[in-house]
Every structure is written in structure tokens, then in C-alpha cells.
Amino acid sequence: MPNTVTLLGEYLRARRALVQPHDVGIVSLTPRRVIGLRRDEVARRAGISQEYYLRLEQGRDRQPSDQVLHALGRALCLDAAGVEHMGRLVRVQTGGAGPAAVGVATPASMRTLAGLLDQWTGTPAYVMDTNQDVLVVNPLARAMTGGALRPGVNLALAVFSPAGRALARGWAEAAARTVATLRYGSDPRDRRLQEIVGTLSVRDEDFRRLWARHDARPYTNGPVEQDVHGHGRVTLTCQTLEVPGPRRNVLVAFHAPAGSDGARALAALRAGSAPAMAG
């Protein structure tokens with residue numbers, strides 16, 4: 001019976017290829033024919049049999065225990081997000097719930113979110129779904145991006161567009177972060193995700209390379225390089241919060257420490273946008 005490629009098997013192969021033997025204390029006395037670790041090395045580091053590991057990669061065993069997943073995470077030098085991602089893949093390939101339930105945000109819920117964000121006159125903020133399609137944008141976030149950020153924009157497509165690449169400083173980091181968060185938050189069965197990945201895979205070599213790594217992690221908070229329209233590029237702090245609901249939408253907000261260039265840029269932006277926001 002032919003083997004069936006599974007989401008977990010694909011992930012394990014990709015991550016195995018990224019771990020270099022010398023990084024985990026393995027000394028090779030003979031030439032290696034594989035990139036990264038061999039299957040037997042992963043199995044030994046995880047404390048499982050080579051045959052069992054082979055079954056996981058080949059899709060002949062689809063439901064490893066949490067204990068095995070954590071052992072594989074240690075063997076492959078994964079962080080907590082990587083282990084959690086493996087658990088989600090197992091749930092998806094066994095017919096369970098994925099990272100986001102299938103469904104759409106209701107107009108009423110979007111109006112409520114839009115009303116809330118419109119009250120945040122001092123904080124640029126927007127809401128996106130797990131495929132990074134923008135759903136709601138408040139006036140200050142629109143002003144910050146010169147109108148480029150608006151409902152209907154897909155952030156992954158925007159980052160890998162010619163205009164996105166033109167923001168050369170920090171682009172590589174932003175691209176890697178975008179791909180990792182897209183894979184982490186999305187459901188591989190989602191047709192919209194497949195459309196986005198298919199489009200970018202055809203037209204963009206950098207996206208293909210990053211997607212093939214299978215990096216999967218959220219970006220909950222941290223510094224980002226952001227062009228503030230009319231005020232240049234500054235460092236802001238990006239904070240993301242999950243919006244309760246079946247779609248696991250994400251609210252993204254920006255702020256900056258008092259006295260920083262980012263804080264001054266946002267203050268100037270608020271002052272310049274005040275009449276428009278009041279209207």
C-alpha cells in the first residue's frame with residue numbers, strides 16, 4: 001500500500017533538514033548523504049524507535065501522543081510554538097479542529113470591532129483573520145500607512161509585492177515573520193490559504209524558500225520597523241491579541257515608548273489626522 005504524505009510528515013522532514021549535526025553534538029566520521037539529520041538520529045534523540053519515526057514521516061502513523069511530540073520537539077530543536085504547531089497538524093490530519101474553525105466573521109461582529117477601534121484615536125490598530133486578510137482598520141492605522149492598509153488587503157501578498165519589497169530596510173525580517181505567522185495561525189485545509197500560498201509560490205522565490213522551511217510561530221509583541229506616512233521610518237512596538245470567536249481573528253496595535261522617535265512620529269500623525277478622525 002503506498003504511503004500517504006501527511007501534514008506532520010511533511011513538517012518533520014522539513015525541520016529535520018534544518019538541524020545541522022554539529023549543532024546537536026553529532027560527529028560524522030563518514031560522508032553524509034542527507035542535509036540535516038538522518039531519521040535514525042532524530043529517532044535516537046527523541047527516544048523512539050527508528051521504525052516508529054519512519055511511520056510518522058511516511059504517514060503510516062497519524063496520531064502520536066503529546067509525549068512523543070514533545071520528544072520530537074526536543075530532538076529537532078523546536079520551540080514551544082513549534083511543538084504546539086505539530087499538535088495542531090495532528091488534529092487536522094485526524095479530522096479534528098484545526099487552528100481556526102471554518103466560518104466567516106459576521107457583519108455585526110465586524111461593526112462592533114470597527115466601532116471599538118475607531119475609539120482608539122491614539123493607537124493605530126487593525127484586525128486580520130488567520131490568512132492575514134485585513135478585516136477592520138482604524139483611522140490612525142490608515143493614516144499611518146498613507147491609506148495602504150485597508151479592509152480587503154492581504155498582508156502576505158502585500159509584503160511580497162514590489163511595493164512591499166521597496167521598503168528594503170528590514171524587509172527580510174518582515175518577510176520571514178509574515179510567513180511564520182501565516183503558517184502558524186492558518187488552517188492548511190482552508191481554500192483561501194491555499195490560494196494565497198499558491199499565488200506567492202508561483203511568483204516569488206523568496207516566499208517559496210521561506211514556506212519550505214515550515215517555520216511556524218506567532219508574533220505576540222515586539223519591535224517592528226514601520227514607515228509612518230509623512231514622518232519616515234521608525235521603530236514601533238507591535239502587540240497582537242486574539243479576538244475571541246470561531247475564526248481566531250487577531251487584533252494588531254502599535255505603540256512606542258515615551259520620548260522615542262516612534263512616539264514623536266505617532267504624536268505628529270495624530271495631530272495631523274485629528275480633523276479627519278473627528279469627521
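1. For this note, a helix is a DSSP run of H or I covering at least four residues, and helices are numbered from the N terminus. The model discussed here is predicted. In helix 12 (residues 205-213), Asp-206 and Arg-209 are three residues apart, so about one helical turn separates them. An α-helix has 3.6 residues a turn, so residues three or four places apart point the same way. Asp-206 and Arg-209 form a salt bridge, with 3.4 Å between the closest N and O atoms.

2. Neither end of that salt bridge meets the cut-off for burial, because buried means under 20% relative accessible area. Asp-206 has 24% relative accessibility and counts as partly exposed. Arg-209 is partly exposed as well, with a relative accessible area of 49%.

3. Other residues of helix 12 are buried: Phe-207, Leu-210 and Trp-211. Viewed down the axis of helix 12, the buried residues fall within an arc of 100 degrees, so they line one face of the helix. These buried residues pack against helix 10 (171-185) and helix 11 (191-203).

4. Both ends of helix 12 deserve a remark. At the N-terminal end, Asp-204 acts as a cap, with a side-chain oxygen 3.0 Å from the backbone nitrogen of Asp-206. Just after helix 12, His-214 has a positive phi of about 65 degrees.

5. Helix 13 (residues 261-278) holds another pair with this spacing: Arg-264 and Asp-261 lie three residues apart, about one turn of the helix. Their side chains meet in a salt bridge at 2.5 Å, N to O. Asp-261 is exposed, its relative accessible area being 51%.

6. The salt bridge between Arg-16 and Glu-57 joins distant parts of the chain: Arg-16 is in helix 1 and Glu-57 in helix 3, 41 residues apart. The N to O distance between the two side chains is 2.8 Å. Both Arg-16 and Glu-57 are buried.

7. The count of salt bridges in the model comes to 22. Some are joined up: Arg-32, Arg-38, Asp-40, Glu-41 and Arg-44 are linked in a network of salt bridges.

8. The largest nonpolar core has 25 residues, of which Leu-12, Val-42, Ile-48, Tyr-53, Leu-72 and Met-86 touch the most other members. At least two residues of this core come from each of helix 1 (7-18), helix 2 (39-46), helix 3 (50-58), helix 4 (66-75) and helix 5 (80-93). Helix 4 gives the most, with five residues.

9. Tyr-53 can be followed in detail. Leaving aside residues up to four places away in sequence, Tyr-53 touches Leu-12, Arg-16, Arg-39, Val-42, Ala-43, Ile-48 and Leu-72. Arg-16, in that list, is also the residue whose side chain meets Glu-57 in a salt bridge.

10. A second core of 22 residues is separate, and its members include Tyr-126, Met-144, Val-234 and Phe-254.

11. Val-127 is in strand 1 (residues 125-128). Val-127 has a relative accessible area of 0% and is therefore buried. Not counting residues up to four places away in sequence, Val-127 touches Leu-113, Leu-117, Asp-133, Val-134, Leu-135, Val-136, Asn-249, Val-250 and Leu-251. The C-alpha atom of Val-127 is separated by 46 Å from that of Arg-33, 94 residues apart along the chain.

Note on methods
Residues are numbered from 1 along each chain as its sequence is written. This is a predicted model: local features need pLDDT of at least 70, side-chain atom pairs count only at pLDDT 80 or more; totals for chains, interfaces and linings use all residues. Side-chain values use heavy atoms; hydrogens and water are left out. Buried means under 20% relative accessible area, exposed over 50%, partly exposed in between (1.4 Å probe, protein chains only). Contact means heavy atoms within 4.5 Å. A nonpolar core is a set of buried Ala, Val, Leu, Ile, Met, Phe, Trp, Tyr and Cys residues joined through side-chain atoms within 4.5 Å. A salt bridge is a side-chain nitrogen of Lys or Arg within 4 Å of a carboxyl oxygen of Asp or Glu. The arc is that of the directions from the helix axis to the C-beta atoms. A polar contact is a pair of N or O atoms within 3.5 Å; within protein, one must be able to donate a hydrogen and the other to accept it, and residues adjacent in sequence count only if both atoms are side-chain atoms.
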